[in-house]
Amino acid sequence: MSDSGYSNKASRPGLGCVTFGREIDRDTSFMLMDHAYSRGITSFDTAAVYGGGSSERIIGQWLAERTLSENSISIATKILPPYDPLYIRISVEQCLRRLGTETIDILYLHRWDERAKDNQTWLELADLVSEDKVKELGVCNFNAVQLDATVNLLKEIGDVSLSYIQNNHNLAVSDLSYEMREICKENEIRIITYSPLGAGFLTGKHLYGVQKGSRFAVMPAHQDIYFNEHSQKRLERLLGIADRTGYSPAYLALAWAAHQPDVYSVLVGGRSVAHLDLAFDAGKFYSPEIFAELENV
C-alpha cells in the first residue's frame, strides 16, 4: 500500500480536494498535494463544481509543475446533471481542459438524476471510455435503490462497467447501507467514502454554534444534515469516549472511518498539512472495542 503509515486493516486513503480554491488558496492546496504525495497518497478526488472549477484547475496546475512518473497520480472527478449525451461530453471536455490531462481516471455522476436510467446516458459514457477520455466509471451520492437500478440497467446494456460508488459515511451520518454493501459485493463495485469528520461536525467545535469561516459557514446547506437529534447523540457519545480515553474526537472519528468493513478507500483532506497528518496518525489506530462503543448509541 502507501507509505501513509495506515494499519494493515485500514482502507487506503485518498486525497479529497473539495477545499481547493474554495476554502484554501492555490499555494496551500499545493502544499497539501505535495505532502499527501510524499506520504504515499496517489489518488486525488475532485469535482467540476468544487470552487466553480477552481479545484480542478489547481490540480491541473500542480500536475503541470511537478515532475511525476507516468500514471503516478490517479485523478477522479465528477459531473452534475443533466446527464444527456451532449452535456456529458461537454462537461468531460471542460474537466479535461481544467485538469490539463488527456484522461480522467475515474468519472463519477455526482448525484442521482432520472437520466441515470436512460440507456443513452451510459452509452455516451461508454464511448468516452472507449475513446480513452475516461478510464473507469462511478456514481456518487446514490442510495441503494438507485444503485440497484443502475446496476440492472448496465447488465441489460452490456459492455458498460460500473467500478465505484462514492458516498458520505461517518459516525454521525451514513449513506452506506447494508443493502448497498451487498449490491457492491455482488457486482464488484468498490466503495469510496468521504467526509470522515462530518465536515468538521465530529470535532466538536460547533457545539455552541457554527464557527465563522468553517465548512458549515461556507456551505450552510450542510447544516441540516448534521445539526439534528440523531447526529447530536452520536457526537455526544464520541465526545464522552474521547474524554475517557484521552484521544481527540477527530482522531477517533478518523480511525473509525479508516477501519470500516467493505470500504476500499476513505477520502481525507482539510485546510492544512496538520489535518492530513492527523488522518495519517488516526489510520494507525485500531481498536474494535472502542469502535463498537462509538457505534453503540
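The following exchange introduces a predicted model.

Trainee: In what order do the eight strands close into a barrel?

Mentor: The pairing in this barrel is parallel. From one strand to the next, the twist averages 30°. Eight strands close the barrel in the order β1-β2-β3-β4-β5-β6-β7-β8.

Trainee: Which residue of β4 is the bridge partner of Ala76?

Mentor: Strand β3 covers residues 74-79 and strand β4 covers residues 104-109. These two strands pair in the parallel sense over four bridges. In β4, the bridge partner of Ala76 is Ile106.

Trainee: How many residues of strand β6 are buried?

Mentor: Strand β6 spans residues 164-168 and is mostly covered. Tyr164, Gln166 and Asn168 point one way from the strand, while Ile165 and Asn167 point the other way, and all are buried. The number of buried residues in β6 is therefore five of five, as each falls under 20% relative accessible area.

Trainee: Which residue stands opposite Ile165 of β6?

Mentor: Strand β5, residues 134-140, runs parallel to β6 and is joined to it by three bridges. The residue that stands opposite Ile165 is Val139.

Trainee: What is the handedness of the β-α-β crossover from β5 to β6?

Mentor: After β5, the chain passes through helix α5, residues 144-157, before it reaches β6. This β-α-β crossover is right-handed.

Trainee: Which residue of β7 stands opposite Tyr164?

Mentor: On this side, β6 is joined to strand β7, residues 190-194, by five bridges, and the two run parallel. Helix α6, residues 178-187, forms a right-handed β-α-β unit with β6 and β7. Opposite Tyr164, in β7, stands Arg190.

Trainee: Is Tyr194 buried or partly exposed?

Mentor: Tyr194 lies in strand β7. Its relative accessibility is 23%. Because buried requires a value under 20% and exposed a value over 50%, Tyr194 counts as partly exposed.

Trainee: How far apart in space are Tyr194 and Phe142?

Mentor: In sequence, Tyr194 and Phe142 are 52 residues apart. Taken from C-alpha to C-alpha, their separation in space is 13 Å.

Trainee: How many disulfides does a search of the whole structure find?

Mentor: A disulfide is a covalent bond between the sulfur atoms of two cysteines. For Cys140, the nearest cysteine sulfur is that of Cys184, 13 Å away, whereas the cut-off for a disulfide is within 2.5 Å. Cys184 is likewise in no disulfide. Over the whole structure, the number found is zero.

Trainee: Are Cys140 and Cys184 buried or exposed?

Mentor: Cys140 has a relative accessible area of 1%. For Cys184 the value is 3%. Since the cut-off is under 20%, both Cys140 and Cys184 are buried.

Trainee: What is the volume of the largest pocket?

Mentor: The largest pocket is lined by 43 residues. Of these, Val18, Ser195, Ala199, Arg215 and His222 lie nearest its centre. The volume of this pocket is about 1,100 Å³.

Trainee: Which element gives the most to the lining of the largest pocket?

Mentor: At least two residues of the lining come from each of β6, α8 (223-226), α10 (249-258), β8 (263-268) and α11 (273-282). The element that gives the most, with three residues, is α11.

Terms used. Residues are numbered from 1 along each chain as its sequence is written. This is a predicted model: local features need pLDDT of at least 70, side-chain atom pairs count only at pLDDT 80 or more; totals for chains, interfaces and linings use all residues. Side-chain values use heavy atoms; hydrogens and water are left out. Buried means under 20% relative accessible area, exposed over 50%, partly exposed in between (1.4 Å probe, protein chains only). Two strands pair if DSSP finds at least two bridges between them. Axes are lines fitted to C-alpha atoms, for helices over the stretch in contact, and angles run from 0 to 180 degrees between N-to-C directions. A crossover is right-handed if, with the strands pointing away from the viewer, the path from the first strand over the helix to the second runs clockwise. On a 1 Å grid over the protein atoms alone, a cavity is a set of points where a 1.4 Å probe fits but cannot get out, and a pocket is an open set with protein on both sides within 12 Å along at least five of seven lines; lining residues have an atom within 4 Å of a point. Grid points are joined across faces, edges and corners, and a volume is the space filled by probe spheres set on the points.
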